[in-house]
Amino acid sequence: MKLFYDDEFDAISRAIGESGKPFKLVAAHLFPDMKPESAYARLKDCCNPTGEQRLTFGQVLRLMQFVGQYDPLMHACDETLHARPDRKAPADEAVALVEAIDAAAGTTASFGT
């Protein structure tokens, strides 16, 4: 992960580049209703500071989830003077889910008494 980004376009481009996924595959994922060539051209334009197209916030979120890289999030944190977050460990998520299920089961069981 890069320490500094020139701008949001740099962060988005880096996320795609570092993922190892082909740019055309990412474009097809973001714009499934478009022909592959058109989706590719649109994503290229979205990554160009002088381009006319921009990704929506939701598209940036989908991009990060799809490529597994979070450079746009880190750039947003840097720009808003927030600390960069750490990823949650899957084990932590599993524990929280089990606790929520246990709490819900306890609530349900108390209705029967």
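Colleague: How many aromatic pairs does the structure hold?
Modeller: This is a predicted model, and side-chain atom pairs count only at pLDDT 80 or more. Ring centres must lie within 6.5 Å to pair. On that basis the structure holds one aromatic pair.

Colleague: Stacked, tilted or edge-to-face: what is the geometry of Phe23 and Tyr40?
Modeller: The ring centres of Phe23 and Tyr40 are 5.6 Å apart. Planes over 60 degrees apart count as edge-to-face. The planes here stand at 85 degrees, so the pair is edge-to-face.

Colleague: Which helices hold Phe23 and Tyr40, and how many residues apart in sequence are the parts that the pair ties together?
Modeller: Phe23 belongs to helix H2, residues 23-30. Tyr40 belongs to helix H3, residues 36-46. The pair therefore links H2 and H3, across a sequence separation of 17 residues.

Colleague: Is Phe23 buried or exposed?
Modeller: The cut-off for buried is under 20% relative accessible area. Phe23 has 18%, so Phe23 is buried. Its partner Tyr40 has 29% and is partly exposed. For Phe23 the answer is buried, at 18%.

Colleague: What is the helix and strand pattern of the protein along the sequence?
Modeller: The protein has six helices and zero strands. Read along the sequence, that gives α-α-α-α-α-α.

Colleague: Compact globule or more spread out: which describes the protein?
Modeller: For 113 residues the globule rule gives 13 Å. The radius of gyration is 19 Å, well over that value. The C-alpha atoms fill a box of roughly 65 × 35 × 25 Å along the principal axes. By radius of gyration, then, the protein is more spread out than a compact globule.

Colleague: What percentage of the 113 residues count as buried?
Modeller: The protein exposes about 7,800 Å², with carbon and sulfur atoms supplying 59% of it. A residue counts as buried under 20% relative accessible area. Of the 113 residues, the buried share is 27%.

Colleague: Which helices are included in what covers the buried residues of H5?
Modeller: H5 spans residues 71-79, and its buried residues are Asp71, Pro72, Met74, His75 and Cys77. Their cover includes helix H1 (8-19) and helix H4 (57-67).

Colleague: Where is Leu81 found, and what is its phi?
Modeller: Leu81 comes just after H5, in the loop between H5 and helix H6 (90-111). With a relative accessible area of 78%, Leu81 is exposed. Leu81 is a residue other than glycine, yet its phi is positive, near 60 degrees.

Colleague: Which residues does Gln59 touch, not counting residues up to four places away in sequence?
Modeller: Gln59 is in helix H4. Its relative accessibility is 9%, so Gln59 counts as buried. Contact means heavy atoms within 4.5 Å. By that test, Gln59 touches Leu30, Phe31, Arg42 and Arg54.

Colleague: What distance separates the C-alpha atoms of Gly20 and Ala94?
Modeller: Gly20 sits in the loop between H1 and H2. Gly20 is exposed, with a relative accessible area of 63%. Gly20 and Ala94 are 74 residues apart along the chain, and their C-alpha atoms are separated by 28 Å.

Colleague: How far apart do the centres of the positive and negative side chains lie?
Modeller: There are 12 positive and 17 negative side chains in the protein. Each set has its own centre, and the two centres lie apart by 7 Å.

Technical notes
Residues are numbered from 1 along each chain as its sequence is written. This is a predicted model: local features need pLDDT of at least 70, side-chain atom pairs count only at pLDDT 80 or more; totals for chains, interfaces and linings use all residues. Side-chain values use heavy atoms; hydrogens and water are left out. Helices (H or I, at least four residues) and strands (E, at least two) are DSSP runs, numbered from the N terminus. The radius of gyration is taken over C-alpha atoms; the globule rule is 2.2 Å times the number of residues to the power 0.38. Buried means under 20% relative accessible area, exposed over 50%, partly exposed in between (1.4 Å probe, protein chains only). Accessible areas come from the Shrake-Rupley method with a 1.4 Å probe; for residues, only the protein chains shown count as cover. Lys and Arg count as positive and Asp and Glu as negative; His and the chain ends are not counted. The place of a charge is taken as NZ of Lys, CZ of Arg, CG of Asp or CD of Glu. Rings of Phe, Tyr and Trp (its six-membered ring) pair if their centres lie within 6.5 Å; planes under 30 degrees apart count as stacked, over 60 as edge-to-face and the rest as tilted.
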